[in-house]
Protein chains: 2
Amino acid sequence: MKALVLFSGGVDSTTCLAEAIKKYGVREVLALSAGYGQKHTKELESARKIAHHYGVKHMELDLTPIFADSNCSLLKASDEDIPHESYADQLKKTDGKPVSTYVPFRNGLFLASAASIALSNGCSEIYYGAHSDDSAGSAYPDCSEAFNSAINTAIYLGSGKQLKVTAPFIGMNKAQVVARGLELDVPYDLTWSCYEGGDKPCGVCGTCRDRAAAFRANGINDPALEV
Amino acid sequence: MKALVLFSGGVDSTTCLAEAIKKYGVREVLALSAGYGQKHTKELESARKIAHHYGVKHMELDLTPIFADSNCSLLKASDEDIPHESYADQLKKTDGKPVSTYVPFRNGLFLASAASIALSNGCSEIYYGAHSDDSAGSAYPDCSEAFNSAINTAIYLGSGKQLKVTAPFIGMNKAQVVARGLELDVPYDLTWSCYEGGDKPCGVCGTCRDRAAAFRANGINDPALEV
C-alpha cells in the first residue's frame, strides 16, 4: 500500500479518496474510517457504500471508548442537543471557545491512528481532506491551519521521516473542493454529512448548510438531498 | 480532574505520576495506561499495582486493533524476536532507521488519545515522562525532542488552547529521573520495563540494560531485580 486516506464518507474525504485513487491507483490505497460513538452511523454506512463503489480496501476503527467521558453533542453518550444554527451564532454563545459539536481532539486522534496504521501497512503518505473553511473560525481548533502544520510535523518526525501528511485541499474552500470532485466524478449522492441520523439530511445543521452552499456555488443542488 | 498522566507502569512514567500527584493531590489526577497488543501484559499488571499503591484513578485503554498489521517485535502479532543487544548495535543493522521494537507512532497515538480523554475529563494538563535518553539516537523517533515539541504544539492548538503537555523530565537523563523518584519515594520495586514477560526482568534487553544503569548511577541495584 502507498497511501492511507482518512475517510469519513462525507464530501471532503470522499473527494480526497478520489484524488488519492487517481494518483496511486485503487490497489495502492487504504481507506480508513473511524467510529467514535456518534449518535448515528449514517456516515459509516455511506463510507462503506462509497468504498464498494470504488472497490478500495476499507478499514473501520472503533474509537468510542476514548470518548466515553465526553459531553460533545454529537455523541450518543451526551444529553446535549445538536445546535441548529450557524457556527458564527454558536461562537457568540461559547465566547470563541470550541462549539458543542467539537469532538475533543478528534482530528488529532484520527491522524495519529492513521499514522500508526499507515506505517504498519507500508504507506508513505496519509491523505486527508482538510480545507480552508474547516475550522469555522475557532469552532473546530483541530481543523485550523496552525494545528495541521504542527501535527504534520509531528507525524513526519515521529515516524522517522517515513510518513508525510498530504492535504490536497488545504488552500481551497469547500466550494472549490466540490468543483474538483465534480471533475473527478465523485459519487456525491452516496455521501453523508448531516449531524442528525434521519432518512434524509436535515438541511439545517451547520454541516448541512455548509455543503448545500458549496454545491450551490457550483450551480447545482446537493445531490444527497435529491436521492 | 486537573491532570492526566500517561502511565505505563515503567520507571519514567511512575516517577511522572508521583510528580503529578505531589503537585495536584491524588484526587485531581487521572492515570491512563494503554494496551497495544504487547507480547505480555506485565507492564499493565505493574501499572495496576502502582495505581492501587497511590489510590489514584486508573483508566485502561485497548489500542490493539490499531497495530493489527504491524510487525513490531514487541507485539503478539509479530513473528520477530526481541533483540538482546544495545540500541547502538541495533542501529548499525537498521542503517539508522527505527529499531524492530519501535511501535509505529505509538507515542503520538498515546498522546493524542490522552488529549481526547483529558479534554473529556476537564484536565488542562497531560503529564508524561519523556526524558533526554528516550529516543536512543534514532531508534525511537517518536521520543525525540523535535517530535515532542511538534506534538505538544499540535495538542495545545488543536484543543483550542485548553490543554498543554508537561514533560517534567525532558531536560534530564534517566539516572536523573531515578534520582528525583528516589526523593519522591517511588515504589520502583513494583515497576516493570522488561520487553520479555518472564517472572523476573531478563536483564539483557535494551530497556533492562538502560534502567539498571540508571539505578547504578544512583548507587543502588535495580529494585525490580531484587523482588
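Here is a quick briefing on how the two chains meet, how the sheet is put together, and which helices and backbone spots deserve a look.

Keep in mind that this is a predicted model. Chains A and B meet through 37 residues on each side, and a turn of 180° with a shift of 0.0 Å along the axis lays chain A on chain B. Helix H4(A) gives the largest share of chain A's side of that contact.

**How the chains meet**

- In the contact between the chains, 37 residues of chain A touch 37 residues of chain B.
- On the chain A side, helix H4 (106–120) and helix H5 (145–158) each put in at least two residues.
- H4(A) brings 11 residues, the largest share of that side.
- Sorted by class, the chain A side comes out as 20 nonpolar, 13 polar and 4 charged residues.

**Symmetry**

- In general, a rotation about an axis plus a shift along it relates two copies of a chain.
- Here, chain A lands on chain B with an RMSD of 0.0 Å after a turn of 180° and a shift of 0.0 Å along the axis.
- That is what a two-fold axis does.
- Ala150(A) is the residue of chain A that comes closest to the rotation axis, with its C-alpha at 2.7 Å.
- Both copies use the same surface, as 100% of the contact residues of chain A recur in chain B.

**Helix H4 of chain A**

- All the residues of H4(A) are buried, 15 of the 15, so the rest of the structure largely encloses this helix.
- Its length checks out too: 15 residues at 1.5 Å a residue should span 21 Å, and the end C-alpha atoms of H4(A) are 21 Å apart.
- After H4(A) comes Gly122(A), with a positive phi near 75°.

**Helix H5 of chain A**

- H5(A) runs for 14 residues and reaches 20 Å from first C-alpha to last, close to the 20 Å expected at 1.5 Å a residue.
- Its buried residues are Phe147(A), Asn148(A), Ala150(A), Ile151(A), Asn152(A), Ala154(A), Ile155(A), Leu157(A) and Gly158(A).
- The cover over those buried residues comes from both chains: it includes H4 and strand S5 (164–166) of chain A, along with H4 and helix H5 (145–158) of chain B.
- Ala150(A) turns up twice here, as a buried residue of H5(A) and as the residue of chain A closest to the rotation axis.
- Just past H5(A), Gly160(A) has a positive phi of about 65°.

**The sheet in chain B**

- Chain B has an open sheet of 5 strands in the order S3-S2-S1-S4-S5, with parallel pairing.
- Strand S3 (57–62) and strand S5 (164–166) of chain B are the edges, each pairing on one side only.
- From one strand to the next, the twist averages 25°.
- Helix H2 (residues 42–54) of chain B packs on the sheet, where it touches strand S2 (29–35) and S3 of chain B, and its direction makes about 165° with that of S2(B).
- Strand S1 (residues 3–6) of chain B pairs with S2(B) in the parallel sense over 4 bridges, and Leu6(B) has Leu32(B) of S2(B) as its bridge partner.
- S2(B) is largely enclosed by the rest of the structure, because 6 of its 7 residues are buried.
- Strand S4 (residues 125–127) of chain B runs parallel to S5(B), joined by 3 bridges, and Ile126(B) stands opposite Val165(B) in S5(B).

**Helix H7 of chain B**

- The 12 residues of helix H7 (residues 206–217) of chain B should span 16 Å at 1.5 Å a residue, which agrees with end C-alpha atoms 17 Å apart.
- Gly206(B), Thr207(B), Cys208(B), Arg211(B), Ala214(B) and Phe215(B) are the buried residues of H7(B).
- Those buried residues pack against helix H1 (11–24), H3 and helix H6 (174–183) of chain B.
- Just after H7(B), Gly219(B) has a positive phi of about 80°.

**Two unusual phi values**

- Most residues other than glycine have a negative phi.
- Asp185(A) has a positive phi near 60°, and it is found in the loop between helix H6 (174–183) and helix H7 (206–217) of chain A.
- Asp185(A) counts as exposed because it has 8 C-beta neighbours inside 10 Å.
- Phe105(B) is not a glycine either, yet its phi is positive at about 55°, and its place is the loop between helix H3 (87–94) and helix H4 (106–120) of chain B.
- With 32 C-beta neighbours inside 10 Å, Phe105(B) counts as buried.

Note on methods:
Residues are numbered from 1 along each chain as its sequence is written. Chains are lettered from A and ligands numbered from 1 in the order in which they are written. This is a predicted model: local features need pLDDT of at least 70, side-chain atom pairs count only at pLDDT 80 or more; totals for chains, interfaces and linings use all residues. Two residues are in contact if their C-beta atoms, placed from the backbone, lie within 7 Å. Ala, Val, Leu, Ile, Met, Phe, Trp, Tyr, Cys and Pro count as nonpolar, Asp, Glu, Lys and Arg as charged, and the others, Gly among them, as polar. Two strands pair if DSSP finds at least two bridges between them. Axes are lines fitted to C-alpha atoms, for helices over the stretch in contact, and angles run from 0 to 180 degrees between N-to-C directions. Copies are superposed by least squares on the C-alpha atoms of residues with pLDDT of at least 70 in both. A residue is buried if 20 or more other C-beta atoms lie within 10 Å of its own, exposed if 12 or fewer, and partly exposed in between; C-beta atoms are placed from the backbone. The expected span of a helix is 1.5 Å times one less than its number of residues.
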